[in-house]
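Student: I'd like to look closely at one single part of this protein instead of the whole thing at once. Could you pick one spot and walk me through what surrounds it?

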Amino acid sequence: MRVGPGWTAAARGALAALLLAATPAAAQSPAVTAPSAAYATQLRDTEARLGRAIEQAAGGGAGRTQAGAMPPGQQQLMDATQAAWQAMQNGAPDALRGATGPYADADRTFRRVVETMRVGSTPPDAAVAAAREAQAALGRLREAAAQAGRGGAEAAGAAAPSPGTDSRAPLQEPPRR
């Protein structure tokens, strides 16, 4: 049986299709993990900016200038917290959004914190504590996004390790015979 020159190209194409079908989902779709990794970087930067605003407000200790007026440092802290919340919402990949999970938890925390900070009678130290709570929620969300960006087992939809196995241990190949 003779095979023409076009056969090898067709065979290579079929082999490539078979190999792609056999690779894990996380390796097939870097486009799924790339938005999460970029989002984790964005959250890291946002978390750092909020941290600087918190430190500035914590060290500023200026009292109220008028009856019922918010001190300028506290107003800047509230603005920075709202900006962090907006950055968190604007860049989130669809894979992380949802009614449950780290994104939803962070969103609820920011909603509560901003509402607390809007009250004119909130003492400056309470506003700083609330902003630190929001920063911690942002950090937890960043960690979840980074894990999804690395294509972690949970993000790739892989089965959880069986009880008694250490999921942090390096993978080993089975013995060859």
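**A close look at one spot**

Tutor: Thr-81 counts as buried, because its relative accessibility is 0%. Before we look around it, please keep in mind that this is a predicted model.

Let's place the residue in the chain. Thr-81 sits in helix H4, which covers residues 72-91. The chain has seven helices and zero strands, so to speak a row of α elements: α-α-α-α-α-α-α from the N terminus on. Of its 177 residues, 29% count as buried, and Thr-81 is one of the buried residues.

What does Thr-81 touch, once neighbours within four places in sequence are left aside? The list is Leu-50, Phe-110, Val-113, Val-114, Met-117, Ala-131 and Ala-134. To make sense of those names, let's look at the helices that pack against H4.

Start with helix H5, residues 102-118. Two packed helices are described by the angle between their axes and the distance between the axes. The axes of H4 and H5 come within 10 Å and cross at roughly 155 degrees. An angle over 145 degrees counts as roughly antiparallel, so H4 is roughly antiparallel to H5. H4 passes H5 in a left-handed crossing. On the H4 side, the contact is made by Leu-77, Met-78, Thr-81, Gln-82, Ala-84, Trp-85, Met-88 and Gln-89. On the H5 side, Tyr-103, Ala-106, Asp-107, Phe-110, Arg-111, Val-113, Val-114, Met-117 and Arg-118 take part. You can find our Thr-81 in that contact, and four of the H5 names, Phe-110, Val-113, Val-114 and Met-117, are on the list of residues that Thr-81 touches. The residues of this contact divide into eleven nonpolar, three polar and three charged.

There is a pair of rings to spot here too. A search of the whole structure finds one aromatic pair, and its members are Trp-85 and Phe-110. A pair of aromatic rings is described by the distance of the centres and the angle of the planes. For Trp-85 and Phe-110, the centres are 6.4 Å apart with 10 degrees between the planes, and the pair is stacked. Trp-85 belongs to H4 and Phe-110 to H5, so the pair ties together parts that lie 25 residues apart in sequence. Trp-85 and Phe-110 are both buried. Phe-110 is also one of the residues in contact with Thr-81.

Next comes helix H6, residues 124-149. H4 and H6 pack at an angle of about 20 degrees, with their axes 10 Å apart. H4 and H6 are therefore roughly parallel to each other. H4 passes H6 in a left-handed crossing. H4 contributes Gln-74, Leu-77, Thr-81, Ala-84 and Met-88 to the contact, while H6 contributes Pro-124, Ala-127, Val-128, Ala-131, Ala-134, Leu-138 and Leu-141. Ten of these residues are nonpolar, two are polar and none is charged. Ala-131 and Ala-134 are among the residues that Thr-81 touches.

H5 and H6 also pack against each other: their axes come within 9 Å and cross at roughly 165 degrees. H5 and H6 are therefore roughly antiparallel to each other, and their crossing is left-handed. Phe-110, Val-113 and Met-117 of H5 are among the residues making this contact, and so are Ala-131 and Ala-134 of H6. The residues of that contact divide into 14 nonpolar, one polar and two charged.

One name on our list is still unplaced: Leu-50. Helix H3 runs over residues 30-60, and Ala-80 of H4 helps us link up with that stretch. The C-alpha atoms of Ala-80 and Leu-50 are separated by 6.0 Å, although the two are 30 residues apart along the chain. Not counting residues up to four places away in sequence, Ala-80 touches Leu-50 and Ala-53. Another H3 residue, Leu-43, counts as buried because its relative accessibility is 0%. Leu-43 and Ala-84 are 41 residues apart in sequence and 8.5 Å apart in space, C-alpha to C-alpha. Leu-43 touches Met-88, Leu-138, Leu-141, Arg-142 and Ala-145, again leaving out residues up to four places away in sequence.

To step back: among contacts in the chain between residues at least 6 apart in sequence, 73% join residues at least 24 apart.

Notes. Residues are numbered from 1 along each chain as its sequence is written. This is a predicted model: local features need pLDDT of at least 70, side-chain atom pairs count only at pLDDT 80 or more; totals for chains, interfaces and linings use all residues. Side-chain values use heavy atoms; hydrogens and water are left out. Axes are lines fitted to C-alpha atoms, for helices over the stretch in contact, and angles run from 0 to 180 degrees between N-to-C directions. Helices (H or I, at least four residues) and strands (E, at least two) are DSSP runs, numbered from the N terminus. Angles under 35 degrees count as roughly parallel, over 145 as roughly antiparallel, 65 to 115 as roughly perpendicular and the rest as oblique. A crossing is left-handed if the near helix is turned anticlockwise from the far one by less than a right angle, and right-handed if clockwise. Contact means heavy atoms within 4.5 Å. Ala, Val, Leu, Ile, Met, Phe, Trp, Tyr, Cys and Pro count as nonpolar, Asp, Glu, Lys and Arg as charged, and the others, Gly among them, as polar. Rings of Phe, Tyr and Trp (its six-membered ring) pair if their centres lie within 6.5 Å; planes under 30 degrees apart count as stacked, over 60 as edge-to-face and the rest as tilted. Buried means under 20% relative accessible area, exposed over 50%, partly exposed in between (1.4 Å probe, protein chains only).
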